Amino acid sequence: MLFEGRVSIVTGASQGIGETIAGELAREGARVVLVDIQKDKLEAVAERIRESGGKAVCHEADVARLEDATRVVEAVLRDFGRIDHLVNNAGITRDNLLLRMKEEEWDAVIGVNLKGCWNFSKAVIKSMVTGRYGRIVNIASVVGLVGNPGQANYAASKAGVMGFSRAVAREVASRGITVNCVAPGYIATAMTDKLSEEVKKAFMDSIPVKRFGLPNEVAFAVKFLLSEEAAYITGQVINVNGGMYM
Ligand code: NAP
């Protein structure tokens, strides 16, 4: 197993891509710390992981709040004594054309998607530096690379995540810590299910592989970047998008 003895934090782990990543890491032997804003959904995910022989604990937290991130990280260090992996996956959309976008829609998306990454990275980095080991993977998006009408807030947050990752990657590279991004294209989850059929068709037409991606295809890239063997890969963005952006 790839991650026996490792401790992994995954945010936004109640459903979709985060749930799949958490399940994969548990299957590889990691003790997985599931973080999400709603505890009941999270408990159900943890229960399913434990039933299939994995190790999982839950922490309710709003990733947009530094005090929540600090509380979770302190509890994990108290309980397990280490944090090897951080996967900043929690994300939201509040779509609107710039003409109509409200300030709260901008702030909410930047707060969760970008500041959420900062909050959890800030909270874990000291223990990773002290332990001279760490893997941080931030979930970006193809939209942060190419833009998308109606998603100025989301595109800015995800482009920000990529810049943030490169800067931190440079800061901590000499301490055995890597910081990378996985940028999914259109993945079939609750987040994309709510799009109109027209928008879904427009996406499909732009995907050379001619299908939507699956959460486990994103999880596979995350697992690769979290592995010990990926030690010489840092500050990178791995695109998992069916060729939508090359
Ligand atoms: P999802 O199904 O909506 O899951 C996101 C999870 O994050 C949900 O459980 C959500 O909880 C949680 N969350 C939201 N706000 C939070 C907060 N403030 N604190 C803690 N947890 C919070 O989305 P997904 O499709 O799996 O997306 C996962 C990541 O991949 C996101 O960063 C997204 O931007 C990125 N991504 C997705 C796609 C795609 O096509 N699906 C493409 C590119 C990038 P609630 O449901 O309770 O709000």
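## Exercises on a predicted model

Leaving aside its neighbours within four places in sequence, S14 is in contact with E19, D36, Q38, K41, L42 and V45. The coordinates behind this contact list, and behind every exercise below, belong to a predicted model.

### Exercise 1: S14

Determine where S14 is placed and whether S14 counts as buried or exposed.

Step 1. S14 is placed in the loop between β1 and α1 (16–27).

Step 2. The relative accessibility of S14 is 6%, and the limit for a buried residue is under 20%, so S14 counts as buried.

Step 3. To relate sequence and space, take C58 as the partner: S14 and C58 are 44 residues apart in sequence, while their C-alpha atoms are 9.7 Å apart.

### Exercise 2: the ligand and T189

Find how many residues surround the ligand, and which of them are the closest.

Step 1. The ligand is surrounded by 30 residues, of which Q38, N89, Y154, I187 and T189 are the closest.

Step 2. Turn to the polar atoms. For D36, which is also one of the contacts of S14, a polar side-chain atom lies 2.7 Å from an oxygen atom of the ligand. For D62, a polar side-chain atom lies 2.8 Å from a nitrogen atom of the ligand. For N89, it is a polar backbone atom that is found 2.7 Å from a ligand oxygen atom.

Step 3. Follow T189, which belongs to the closest residues named above. T189 is found in the loop between β6 and α7, has a relative accessible area of 16% and is therefore buried. With neighbours within four places in sequence left aside, T189 is in contact with G16, I17 and P215.

### Exercise 3: the aromatic pairs

Find how many aromatic pairs the structure holds, and explain why the pair of Y186 and F212 is classed as stacked.

Step 1. The structure holds two aromatic pairs. In the pair of Y186 and F212, the ring centres are 3.8 Å apart and the planes stand at 25 degrees; planes under 30 degrees apart count as stacked, so this pair is stacked.

Step 2. Place the two residues: Y186 lies in the loop between β6 (177–184) and α7 (190–193), whereas F212 lies in the loop between α8 (197–205) and α9 (215–226), so the pair ties together parts that are 26 residues apart in sequence.

Step 3. Y186 and F212 are both buried, and ring pairs link Y186, F203 and F212 into a cluster.

Step 4. A charged group over a ring is found elsewhere: R6 lies over the face of Y133, at 4.1 Å from the ring centre.

### Exercise 4: the nonpolar cores

Identify which residues of the largest nonpolar core touch the most other members, and which element gives the largest share.

Step 1. The largest nonpolar core has 37 residues, and within it I9, F120 and V124 touch the most other members.

Step 2. Two or more residues each come from β1 (7–11), β2 (31–36), α3 (66–80), α4 (103–131), α6 (152–172) and β6. The largest share, eight residues, is given by α6.

Step 3. Residues up to four places away in sequence not being counted, I9 touches V33, V35, V73, V76, I83, H85, L86, V87, F120 and V124.

Step 4. Another core, of 29 residues, lies apart from this one, and A13, L34, C58 and V218 are among its members.

### Exercise 5: two helix positions

Decide whether K223 and A156 are buried or partly exposed.

Step 1. K223 is placed in helix α9. Its relative accessibility of 12% falls under 20%, so K223 counts as buried. Not counting residues up to four places away in sequence, K223 touches L2, F3, E24, L25 and E28.

Step 2. A156 is placed in helix α6, and with a relative accessible area of 29% it is partly exposed. Beyond neighbours within four places in sequence, A156 is in contact with W106 and I110. The C-alpha atoms of A156 and W106 are separated by 9.4 Å, although the two residues are 50 residues apart along the chain.

### Exercise 6: positive phi

Locate R132 and K210, and state what phi each has.

Step 1. R132 lies in the loop between α4 and β5 (134–139), and has a positive phi of about 55 degrees although it is not a glycine.

Step 2. K210 is placed in the loop between α8 and α9, with phi near 65 degrees, again a positive value in a residue other than glycine. At 49% relative accessibility, K210 counts as partly exposed.

Notes: Residues are numbered from 1 along each chain as its sequence is written. This is a predicted model: local features need pLDDT of at least 70, side-chain atom pairs count only at pLDDT 80 or more; totals for chains, interfaces and linings use all residues. Side-chain values use heavy atoms; hydrogens and water are left out. Rings of Phe, Tyr and Trp (its six-membered ring) pair if their centres lie within 6.5 Å; planes under 30 degrees apart count as stacked, over 60 as edge-to-face and the rest as tilted. Helices (H or I, at least four residues) and strands (E, at least two) are DSSP runs, numbered from the N terminus. Buried means under 20% relative accessible area, exposed over 50%, partly exposed in between (1.4 Å probe, protein chains only). A charge sits over a ring if NZ of Lys or CZ of Arg is within 6 Å of the ring centre and within 35 degrees of the ring normal. A nonpolar core is a set of buried Ala, Val, Leu, Ile, Met, Phe, Trp, Tyr and Cys residues joined through side-chain atoms within 4.5 Å. Contact means heavy atoms within 4.5 Å. A residue is near a molecule or strand if one of its heavy atoms lies within 4 Å of it. A polar contact is a pair of N or O atoms within 3.5 Å; within protein, one must be able to donate a hydrogen and the other to accept it, and residues adjacent in sequence count only if both atoms are side-chain atoms.
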